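Q: Could we go through this model together, starting with the sheet and then moving on to whatever else turns up?

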Amino acid sequence: GREYTRLIALTRRPLSFESPRLANRIIRFDAMEEQLRAVACDDAYCCLGTTRREARSAQAFRAVDHDLVLRYARCAQASGAKTLVVVSTVGAAPESRYLYLRVKGETELALEALRFRSLHLMQPSLLLGKRSQWRAAEVFGRVLAPLVNPLLLGRASQWRAIEAATVAAAMRCAALTGRLGTHRHTWPALQSLARTGKL
């Protein structure tokens with residue numbers, strides 16, 4: 001399949017690793033448009049997000065998970081990206097009474113309106129993996145996931161906890177499929193993409 005010749009990682013802090021094909025650019029989100037003006041890309045990936053608790057207010061949460069994600073998507077489009085892959089969440093729905101799911105759903109709709117050639121919305125449930133700061137729910141999730149995941153069958157399988165590394169692998173494979181249009185990927189599709197590169 002198609003491979004990338006150059007990767008540009010946009011982060012707030014320097015990455016802890018290096019690679020010959022990787023360029024790590026430290027950006028300030030308040031000046032993102034200006035800092036990304038000279039960047040060119042084919043595919044763009046977005047993992048921006050916070051929680052209501054970390055943001056400390058509904059407005060601050062929306063500013064990141066909706067406004068900042070859309071600003072990044074527009075920057076990517078201006079840089080030539082035809083494919084956008086975004087981490088959203090299972091259960092995202094603009095009509096949800098839960099702030100987190102409602103904002104994620106509204107963000108998905110707004111991203112669709114930008115009309116990328118390919119838009120992949122990754123919809124994992126609880127993400128498992130190494131973190132600098134653990135939240136209580138994630139600690140319980142890591143302990144309980146091996147017990148609960150096998151019990152979530154059929155449509156309920158989309159709520160299974162998943163390793164962040166699996167989602168990352170699925171994101172790459174989703175972009176490289178070249179499929180046109182908008183696609184939402186929950187646990188079964190994320191696993192399939194990560195394992196086989198196919199849906």
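A: Before the sheet, a word on terms: two strands pair if DSSP finds at least two bridges between them, and helices (H or I, at least four residues) and strands (E, at least two) are DSSP runs numbered from the N terminus. This is a predicted model, in which local features need pLDDT of at least 70 and side-chain atom pairs count only at pLDDT 80 or more, while totals for chains, interfaces and linings use all residues. Residues are numbered from 1 along each chain as its sequence is written, and side-chain values use heavy atoms, with hydrogens and water left out.

Q: Fine, so how many bridges join β5 to β8?
A: Five bridges join β5, which spans residues 118-122, to β8, and the two strands run parallel. One of the pairs links Ser118 to Gly181, its bridge partner in β8.

Q: And which helices pack on that sheet?
A: Among them is α3, which touches β3 and β4 and whose direction makes about 170 degrees with that of β3. Helix α6 (residues 164-177) also packs on the sheet, touching β3, β4, β5 and β8, and its direction makes about 160 degrees with that of β5. Contact here means heavy atoms within 4.5 Å, and the axes are lines fitted to C-alpha atoms, for helices over the stretch in contact, with angles running from 0 to 180 degrees between N-to-C directions.

Q: What's the strand order, then?
A: The order is β3-β4-β5-β8, four strands in an open sheet with parallel pairing. Because β3 (43-46) and β8 (181-185) stand at the edges with a single partner strand each, one side of each is left without a neighbour in the sheet. From one strand to the next, the twist averages 10 degrees.

Q: Take Thr83 in β4: buried or exposed?
A: Thr83, which is found in strand β4, counts as buried because its relative accessibility is 4%; the scale is under 20% relative accessible area for buried, over 50% for exposed and partly exposed in between, using a 1.4 Å probe and protein chains only. Not counting residues up to four places away in sequence, Thr83 touches Asp42, Asp43, Ala44, Phe116, Ser118, His120 and Ala175.

Q: Switching topic, how many cavities of 30 Å³ or more does a search find?
A: A search of the whole structure finds one, and the volume of this largest cavity is about 60 Å³. On a 1 Å grid over the protein atoms alone, a cavity is a set of points where a 1.4 Å probe fits but cannot get out, and lining residues have an atom within 4 Å of a point. Grid points are joined across faces, edges and corners, and a volume is the space filled by probe spheres set on the points.

Q: What lines it?
A: The lining of the largest cavity consists of Leu48, Asp65, Val69, Val86, Val87, Ser88, Lys104, Thr107, Glu108, Leu111 and Leu121. Two or more of these residues come from each of α3 (58-78), β4 (83-87) and α4 (99-113), with α4 giving the largest share, four residues.

Q: And how do those residues divide by character?
A: They divide into six nonpolar, two polar and three charged, where Ala, Val, Leu, Ile, Met, Phe, Trp, Tyr, Cys and Pro count as nonpolar, Asp, Glu, Lys and Arg as charged, and the others, Gly among them, as polar.

Q: What about the backbone, say phi of Arg56 and Arg115?
A: Most residues other than glycine have a negative phi. Arg56, however, has a positive value near 75 degrees, and Arg115 has a positive phi of about 60 degrees. Arg56 is found in the loop between α2 (52-55) and α3 and is exposed, with a relative accessible area of 72%, while Arg115 is found in the loop between α4 and β5 and is exposed at 70%.

Q: Last one: which residues of α7 are buried, and what covers them?
A: In helix α7 (residues 187-196) the buried residues are Trp187, Ala189, Leu190, Gln191, Ser192 and Leu193, and what covers them includes β5, β7, α6 and β8. After α7 comes Gly197, whose phi is positive, near 80 degrees.

Notes:
1 Å grid on protein atoms, 1.4 Å probe; cavity = no way out; pocket = protein on both sides within 12 Å on 5 of 7 lines; lining within 4 Å.
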